[in-house]
Amino acid sequence: MAENKHNSLLLEAKNISFRYSKKSEPVFSGLSLSVLDGESILLMGPSGCGKSSLSYCLAGLYPTYAGQLDGDIFIAGEPINDMSPCDRSQLVSILFQNPDNQFCMERVNQEILFALENINYAGDLNTRMEELLDLVELKSVKDAPIYTLSGGTKQKIAIATALATGAKMLILDEPLANLDPASSVMVVSVLKKLHKSGLTLLIVDHKPQLWRKFVDKVLLMDHKGNLSDKSLDPERLEEYSNEFDTRGIFLNDDWLVKYHPIQVPKPSNSIVKLERVQISYNKKVILSDVSLELERGSVTVLVGGNGNGKTTLLSAMAGVIPHRGHMKIDGQVGLVFQNPRFQFLTLSVEEEVLETLAVIRPNDTNELLIEEVEKLLDEFGLLELRKASPYALSQGQQRRLALLSMLVGEQSLLLIDEPTYAQDENATRFILDLLKRKVEEGLTAVISTHDLVMAKAIANRIFLVEGGKVTELLLKEFEKYIKERGTVI
């Protein structure tokens, strides 16, 4: 734990309550929080408890852009809602879960210069840009198009852009959710260095492992958005295991010990066969000479760093993007996107499931269909949100809805891109148990994930997607890969 040298109050929330509309239930109410200058705090809680909403309120984005906020938030002693966006951004800045959502320009240097221009930076813009790039170790890519860079590098650009405002405090909303282990370590290393130089951090995440080495304290929220009265010592989290269990959130990976790869029924036949497949995007070859054969009723996991082509391979297998070579898939295919917002078709959670169910059960009455939808939503922990827009859900809730919509379609092959990102432990257990049951009933699953420990626990076969190739890793090879790529700092 970092040595406590903090004294002055930087940010304070007093008895705040937030709801998205006058008729909706509050996301949280009566919440108070204090952050000292130079402090680093890890905020944890179950999926959908209001962590992201709280982050947006503390950064001043809410209620300016959405919702209704009661209570008071002060930054450096001033009411945050009385500040202009420019003044506010020079005190507190926020880093979104998906950095692509906050980029405005095409190239790295342009993005940082744009941020500096927006605050009317008084010094030399190019000199300051070079300083920021050096701070996050990005000078080598300053002229690169942002879309060509990896997820970890994009997060570092987002950090540099946030720091361009001169903000004293950075709020990070699950900054590692879309990153491979190596990129996660890289981003955490940068943040650790910035914190040592005096930057105040409020980090929202589902897993404490990478953060507990340098944060000052851990705060927990519960399902109803209530913030715990006491802070936890990050070096002694094991002593608070009951607190984590009560909220259904991760303490470590020990819970995975009960999971083992499902035995593939014998004799089995192949459901997927690829021979010398090549996949290109914008005339650039992403993957070449891909040959593999997957057994029906198996779980296959794709691993590899950001930007190596895991999503591309899943998209080609789903028929979303073209390919060359021979690809044969026996049966219907379903694809759960990494960003589930891209696959929603309706304006309510209930309608999203109902539309799929109506296709596969054309003879059922509307009453029977709605009854089944209610049962499924209850099972997935989404029944209370049945009338909500899919786009208003948390990232974890959106993931569960997307998975549910695909599973009710009764596909033979389900392709899932990062099924457990932004999920708490309870939701992750539910997803894995559900997949296990469906695979035992005959489903075949291909999963892309950065969670290497989970991959080892559930996969019949593991393929590394890297350098334009797809290579199978045997158990000992994968254990070596975990040791080399899954390092925790």
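A residue counts as buried when its relative accessible area is under 20%, as exposed when that value is over 50%, and as partly exposed in between. With that in mind, meet Gly30: its relative accessibility is 44%, so Gly30 counts as partly exposed. Please remember as you read that this is a predicted model.

## Starting from Gly30

Gly30 has its place in strand 2, which covers residues 28–36. Which residues does Gly30 contact, once its neighbours within four places in sequence are left aside? They are Asn15, Ile16 and Ser17. For a sense of scale, look along the chain to Leu292: Gly30 and Leu292 are 262 residues apart in sequence, and their C-alpha atoms are 55 Å apart in space.

## The sheet and the helices on it

Now find the open sheet of 5 strands, whose order is 6-7-8-3-9 and whose pairing is parallel. Strand 6 (92–95) and strand 9 (217–220) are the edge strands, each pairing on one side only. On average, neighbouring strands of this sheet are turned by 20 degrees against each other, with direction ignored.

You can zoom in on one pair of strands. Strand 3 (residues 40–44) runs parallel to strand 9, and 4 bridges join the two. Met44 stands opposite Leu220 of strand 9.

Helices pack here too. Helix 5 (residues 151–164) packs on the sheet and touches strand 6 and strand 7, with its direction making about 165 degrees with that of strand 6. Helix 1 (residues 51–58) lies across strand 3, strand 6, strand 7 (169–173) and strand 8 (200–204), and runs at about 155 degrees to strand 7.

Helix 3 (residues 108–118) is a good place to look for buried residues: Val108, Asn109, Glu111, Ile112, Leu113, Ala115 and Leu116 are buried there. What do the buried residues of helix 3 pack against? Their partners are helix 4 (125–135) and helix 5. After helix 3 comes Asn120, which has a positive phi, near 55 degrees.

Another buried residue sits in helix 6 (residues 181–196), namely His195. The relative accessible area of His195 is 8%, so His195 is buried. A polar atom of the His195 side chain lies 3.2 Å from the backbone oxygen of Leu199.

## Cysteines without partners

How many disulfides does a search of the whole structure find? The search finds 0. Why does Cys57 have no bond to Cys49? The sulfur of Cys49 is the closest cysteine sulfur to that of Cys57, but it is 13 Å away, which is too far for a bond; a disulfide needs the two sulfur atoms within 2.5 Å. Cys104 is in no disulfide either, its nearest cysteine sulfur being that of Cys86, 15 Å away. As for their surroundings, Cys57 is buried, at 1% relative accessible area, whereas Cys104 counts as exposed, at 54% relative accessibility.

## Salt bridges

Side chains of opposite charge can pair when their charged atoms come close. In the whole structure, a search finds 23 salt bridges. Here are some of them:

| Acidic partner | Basic partner | Closest N to O distance |
|---|---|---|
| Glu243 | Arg247 | 3.0 Å |
| Glu374 | Arg386 | 2.8 Å |
| Glu379 | Arg437 | 3.3 Å |

Take the pair Glu243 and Arg247 first. Both lie in helix 7 (residues 241–247), and because they are 4 residues apart, about one helical turn separates them. An α-helix has 3.6 residues a turn, so residues three or four places apart point the same way. Arg247 is buried, with a relative accessible area of 11%.

The pair Glu374 and Arg386 links distant parts of the chain, 12 residues apart: Glu374 is in helix 10 (residues 366–379), and Arg386 is in the loop between helix 10 and helix 11 (395–407). Glu374 counts as partly exposed, at 29% relative accessibility.

Where do the partners in the pair Glu379 and Arg437 lie? Glu379 is in helix 10 and Arg437 is in helix 12 (residues 425–440), so this pair ties together parts that are 58 residues apart in sequence. Glu379 is partly exposed at 34% relative accessibility, and Arg437 is partly exposed with a relative accessible area of 37%.

Finally, some salt bridges share partners: they join Glu350, Glu374, Arg386 and Lys387 into one network.

Definitions and conventions: Residues numbered from 1 in each chain as written. Predicted model: local features only at pLDDT ≥ 70, side-chain atom pairs only at ≥ 80, totals over all residues. Heavy atoms only, no water. Pairing = 2+ DSSP bridges. Axes fitted to C-alpha atoms, helices over the stretch in contact; angles between N-to-C directions. Contact = heavy atoms within 4.5 Å. Buried < 20%, exposed > 50% of the residue type's maximum accessible area, 1.4 Å probe, protein only. Polar contact = N/O pair within 3.5 Å; in protein donor to acceptor, adjacent residues only side chain to side chain. Salt bridge = Lys/Arg side-chain N within 4 Å of Asp/Glu carboxyl O.
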